[in-house]
Protein chains: 2
Amino acid sequence: MLKYQQIAIEIEKYIEEQELQQGDKLPVLEHFMAHFKVSKSTITKSLELLERKGVVYQVRGSGIFVRRHKRKGYISLLSNQGFKRELEDAQISSKPLQLEVRKPSKEAALNLNLHEDEDVYYVKRIRYINGETLCVEESYYNKAIVTYLNKEIVSESIFGYIREGLGLKIGFSDMYMQMDQLDENEAVHLGLKKGEPKLTVETVFHLTNGQPFDFSRVVYNYKQSRFFLQTNSDT
Amino acid sequence: MLKYQQIAIEIEKYIEEQELQQGDKLPVLEHFMAHFKVSKSTITKSLELLERKGVVYQVRGSGIFVRRHKRKGYISLLSNQGFKRELEDAQISSKPLQLEVRKPSKEAALNLNLHEDEDVYYVKRIRYINGETLCVEESYYNKAIVTYLNKEIVSESIFGYIREGLGLKIGFSDMYMQMDQLDENEAVHLGLKKGEPKLTVETVFHLTNGQPFDFSRVVYNYKQSRFFLQTNSDT
DNA sequence: CAGTGGTCTAGACCACCTA
DNA sequence: AGGTGGTCTAGACCACTGG
């Protein structure tokens, strides 16, 4: 574990334990330098991390302050590491509908930089949040990278398995969102009616080395879908 | 203009001029250090900026590579600076429906940290993209901060005016999204039918010093709403 | 004008990738 | 093994905030 990561974790823990609120002032840089016995840049880096994560904001000439968003029960759109990490409070579970090795669709091949004769794992599952249908997910995994999947893995956290089981490092992802009306088939899966709203999110996930390994299309149940997103001006 | 910002701009310009594609390799750090005559950390900072912006990705032991997303015509969800900056290709215009000073609703007061007897500007407008209705927007601006607005400003870019006209610095924002079905009134504004899908996005915008100055609720036309979002694993 | 965060440097050393 | 990005340091100097 790197110093600046460790320090970021400890500062965040401190904020939680002290139950600090939006706008509360944290100790000054000098204090953290002395307390953790590191140089200024290291502390700066830790705080940058927390700033991007939406935990603090820094005001030059004034201080470092706690940032909090007020609403609970929203799913964070950042975090390209699957849901499991985000929603400690909520129960997320999955019911696999299909799991097979096949050739990719044209679209999947394009998004994964594959030829149409290479293998992918195709996974279709329904995901539940607190017992309600959250979404229907179809994913294509490049089999050359994600070499093995089974029903058990697919019922749990696929991304967890990819990280821990396969030792792969997940890097960045591109998400595309649009809305439309549910068709018959989707409506049945989600327990809704044809014509009701849906949100479709397509995502291409890449490893840290830039290789795309997963293309997924997720159709969300509009009744359970509340998302939040914290942004920075990011000079 | 800071060095690392300037350098980031130049590197990005270089990528565009050379029409580099996803996966193309950029020169090594050493090269940039020599070329711009700055220290390693400065270049690193520039590249971090570009990485967060989704322009490049860096692979330790390997190099710096161009990152591109493949689809056009999507609205970026990051950028809390209004649309104007994002969509160079698209024509965005606004038709004001209401503009007045009033007392905030309970909800607006809560989100802006105001008492219910303090003044806000209330703005309601329809926004168009390439001649089609994009969304209906209702905003509450803290009048103590955004001291003046008129019909002309509200027809153009409010955020542009806040930055340049008022000299305020926009910091971070919290967005909350959810879906539902259009009611009668919204449907009329958007030229759609009651019961069709809608996406509602509520956002609280803050200055760099942490003060909230704008609370807005935007209802999007599902036919024009395509969003994208690039994320990083963000160590 | 004192306090506080931000930028920038030069250099040492480390971790990872490719071959 | 050689190349490449990442971390960390110590210190100088700058820019903004607020009494």
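Me: Which residues come nearest to DNA strand D, and what makes a residue count as near?

Reply: In this predicted model, the ones that come nearest are K3(A), Y4(A), T42(A), K45(A) and K40(B), out of 21 residues around DNA strand D. A residue counts as near if one of its heavy atoms lies within 4 Å of the strand, so each of these passes that test.

Me: How do you know which part of DNA strand D, sugar or phosphate or bases, faces the protein?

Reply: Take the atoms of DNA strand D within 4 Å of the protein: 73% of them belong to sugar or phosphate, and the rest to bases.

Me: What makes the approach of S39(A) to DNA strand D a polar contact?

Reply: The limit for a pair of N or O atoms is 3.5 Å. A polar side-chain atom of S39(A) lies 2.9 Å from a phosphate oxygen of DNA strand D, so the pair qualifies. R60(A) has a contact as well, with an N or O atom of its side chain 3.1 Å from a sugar or linking oxygen of the strand. In chain B, a polar backbone atom of G61(B) is 3.1 Å from a base nitrogen of DNA strand D. The elements that give two or more residues to this surface are α1 and α3 of chain A, together with β1 and β2 of chain B. Of these, α3(A) gives the most, with 3 residues.

Me: Which residues come nearest to DNA strand C?

Reply: They are K40(A), K3(B), Y4(B), T42(B) and K45(B), from a set of 20 residues around DNA strand C. Sugar or phosphate accounts for 71% of the strand's atoms within 4 Å of the protein.

Me: How do you know that K45(B) is in polar contact with a phosphate oxygen of DNA strand C?

Reply: A polar side-chain atom of K45(B) lies 2.5 Å from that phosphate oxygen, so it meets the 3.5 Å limit. S39(B) also reaches a phosphate oxygen of DNA strand C, at 2.9 Å. A base nitrogen of the strand lies 3.0 Å from a backbone N or O atom of G61(A). Here β1 and β2 of chain A and α1 and α3 of chain B each give two or more residues to the surface, and α3(B) gives the most, with 3 residues.

Me: What makes up the contact of chain A and chain B?

Reply: The contact takes 57 residues from chain A and 57 residues from chain B. Between them the chains bury about 4,900 Å², 51% of it on carbon and sulfur atoms. R71(A), Y176(A) and M179(A) lose the most area in chain A, together 15% of what that side buries.

Me: Why is the pair of E48(B) and K45(A) called a salt bridge?

Reply: The cut-off is 4 Å between a side-chain nitrogen of Lys or Arg and a carboxyl oxygen of Asp or Glu. For E48(B) and K45(A) the closest N and O atoms are 4.0 Å apart, so the pair counts, with its value at the cut-off. The rule finds 6 salt bridges across this interface, along with 19 residue pairs in polar contact. Among the elements giving two or more residues to the chain A side are α1, α3 and β7, and the largest share, 12 residues, comes from β7(A).

Me: What makes β7(A) and β10(B) paired strands?

Reply: At least two bridges are needed, and 6 join β7(A) to β10(B), so they pair. They run antiparallel, and Q178(A) stands opposite R226(B). Next, β3(B) and β10(B) pair in the parallel sense over 2 bridges, and I75(B) has F227(B) as its bridge partner.

Me: Why are β4 of chain A and β3 of chain B said to stand at the edges of the sheet?

Reply: The order of this open sheet of 8 strands is β4(A)-β5(A)-β6(A)-β9(A)-β8(A)-β7(A)-β10(B)-β3(B), with mixed pairing. Both β4 of chain A and β3 of chain B have a single partner strand, so one side of each is left without a neighbour in the sheet.

Me: What makes R217(A) and E202(A) a salt bridge?

Reply: Their closest N and O atoms are 2.9 Å apart, so they satisfy the 4 Å cut-off. R217(A) lies in β9 and E202(A) in β8 of chain A, so the pair ties together parts that are 15 residues apart in sequence. Over all chains, a search finds 24 salt bridges.

Key. Residues are numbered from 1 along each chain as its sequence is written. Chains are lettered from A and ligands numbered from 1 in the order in which they are written. This is a predicted model: local features need pLDDT of at least 70, side-chain atom pairs count only at pLDDT 80 or more; totals for chains, interfaces and linings use all residues. Side-chain values use heavy atoms; hydrogens and water are left out. A polar contact is a pair of N or O atoms within 3.5 Å; within protein, one must be able to donate a hydrogen and the other to accept it, and residues adjacent in sequence count only if both atoms are side-chain atoms. Helices (H or I, at least four residues) and strands (E, at least two) are DSSP runs, numbered from the N terminus. Contact means heavy atoms within 4.5 Å. Buried area is the accessible area (1.4 Å probe) that two parts lose on being put together, summed over both.
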